[in-house]
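User: I am beginning to study protein structure and would like to go through one example by question and answer. Could the discussion please proceed step by step?

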Amino acid sequence: DTHTPYDFSTQKEKMMVSVGRIGTPPKNNELLLYAISKIENLGEYRFYFIGPVLDNFKAKVEKLIMDRPDLKNKIILTGNITDKEELYSYYKRAEIFAFTSLHESFGLVLVEALYFGCYLLSTDLSGTYDVTNGGEFGSIVEVNEKMILELFEEYKVLNNKKAMQEYIDNNFDKILSSKWFEDSTNKLASELENIIAGKINTKELGYSSAENIYKNFNWNTIVDRLDRLYEK
């Protein structure tokens, strides 16, 4: 029941989940995949990519596992999950929620995952700052703004948000081979290593994040605030 605080009765596991249309350019799932590949010892962590998967992303996972056989049981492509309760069962068990998009709307999936106490590892999108109280309750890797500035500087036609997004979607291979992507992968891998090494109290911050979501991002609260504003 999303109208009450989450009870945390399910034990968190060494799991990281990422949810969406896996392999599409805006979701930038390659950033997480290649960050995983840079870490020699992943400990007990497993990484679940949940959602319909593009064939080219499947091929990248298969190639990575050929190069790193130790990752065979670490990277799991679940396919699409339409049943909400089944999806929520992953959120309940997962310690980390990964969100590596290049561009996004608010991202309702963030609210879902964080409600269940997942610690957020994300690229810098406006919605991620909102749901983590300005980054207090999550790890936000500041890379997207740099990419956008580089695109605006190099391609003068990108004079608005829509043009920038269309360029990303139509030229994703160029972005994957760019210096920006290499640097961003290293930054994400570094933060992921901190999490794996236990340098971040993901459990406590996950609790705080869930409380923040319950207090500020459920419809009862939002409608009450709108009602008060309307009355004024």
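User: What volume does the largest cavity have?

Analyst: The model discussed here is predicted. Rolling a probe the size of a water molecule over the atoms shows where empty space is left. In this structure, one cavity of 30 Å³ or more is found. The volume of the largest cavity is about 40 Å³.

User: Which strands each supply at least two residues of the lining of the largest cavity?

Analyst: The lining consists of Ser 18, Val 19, Lys 27, Asn 29, Ala 98, Phe 99, Thr 100 and Ser 101. Strand S1 covers residues 13–19, and strand S4 covers residues 94–99. The strands that each contribute at least two lining residues are S1 and S4.

User: How many nonpolar, polar and charged residues are in the lining of the largest cavity?

Analyst: The residues to be sorted include Val 19, Ser 18 and Lys 27. Val counts as nonpolar, Lys as charged and Ser as polar. Sorted by class, the lining has three nonpolar, four polar and one charged residues.

User: In what order do the six strands of the open sheet lie?

Analyst: Strands of a sheet pair through backbone hydrogen bonds, either parallel or antiparallel. In this sheet the pairing is parallel. The edge strands, each pairing on one side only, are S3 (75–79) and S6 (138–141), and the twist from one strand to the next averages 20°. The order is S3-S2-S1-S4-S5-S6.

User: Which residue in S3 stands opposite Phe 47?

Analyst: Strand S2 comprises residues 46–50 and pairs with S3 in the parallel sense over four bridges. Opposite Phe 47, in S3, stands Ile 75.

User: At about what angle to S2 does H1 run?

Analyst: Helix H1 spans residues 29–37. This helix lies across S1, S2, S3, S4 and S5. Another helix, H3 (residues 84–93), lies across S1, S2, S3 and S4 and runs at about 135° to S1. For H1, the angle to S2 is about 165°.

User: Is Asn 28 buried or exposed?

Analyst: Asn 28 lies in the loop between S1 and H1, and its phi is near 55°, a positive value in a residue other than glycine. Most residues other than glycine have a negative phi. Because its relative accessible area is 0%, and under 20% is the cut-off, Asn 28 is buried.

User: Why does Phe 8 count as partly exposed?

Analyst: Phe 8 lies in the segment before strand S1, and its phi is also positive, near 55°. Partly exposed residues fall between 20% and 50%. Phe 8 therefore belongs to this class, with a relative accessibility of 22%.

How values were computed: Residues are numbered from 1 along each chain as its sequence is written. This is a predicted model: local features need pLDDT of at least 70, side-chain atom pairs count only at pLDDT 80 or more; totals for chains, interfaces and linings use all residues. Side-chain values use heavy atoms; hydrogens and water are left out. Buried means under 20% relative accessible area, exposed over 50%, partly exposed in between (1.4 Å probe, protein chains only). Two strands pair if DSSP finds at least two bridges between them. Axes are lines fitted to C-alpha atoms, for helices over the stretch in contact, and angles run from 0 to 180 degrees between N-to-C directions. Contact means heavy atoms within 4.5 Å. On a 1 Å grid over the protein atoms alone, a cavity is a set of points where a 1.4 Å probe fits but cannot get out, and a pocket is an open set with protein on both sides within 12 Å along at least five of seven lines; lining residues have an atom within 4 Å of a point. Grid points are joined across faces, edges and corners, and a volume is the space filled by probe spheres set on the points.
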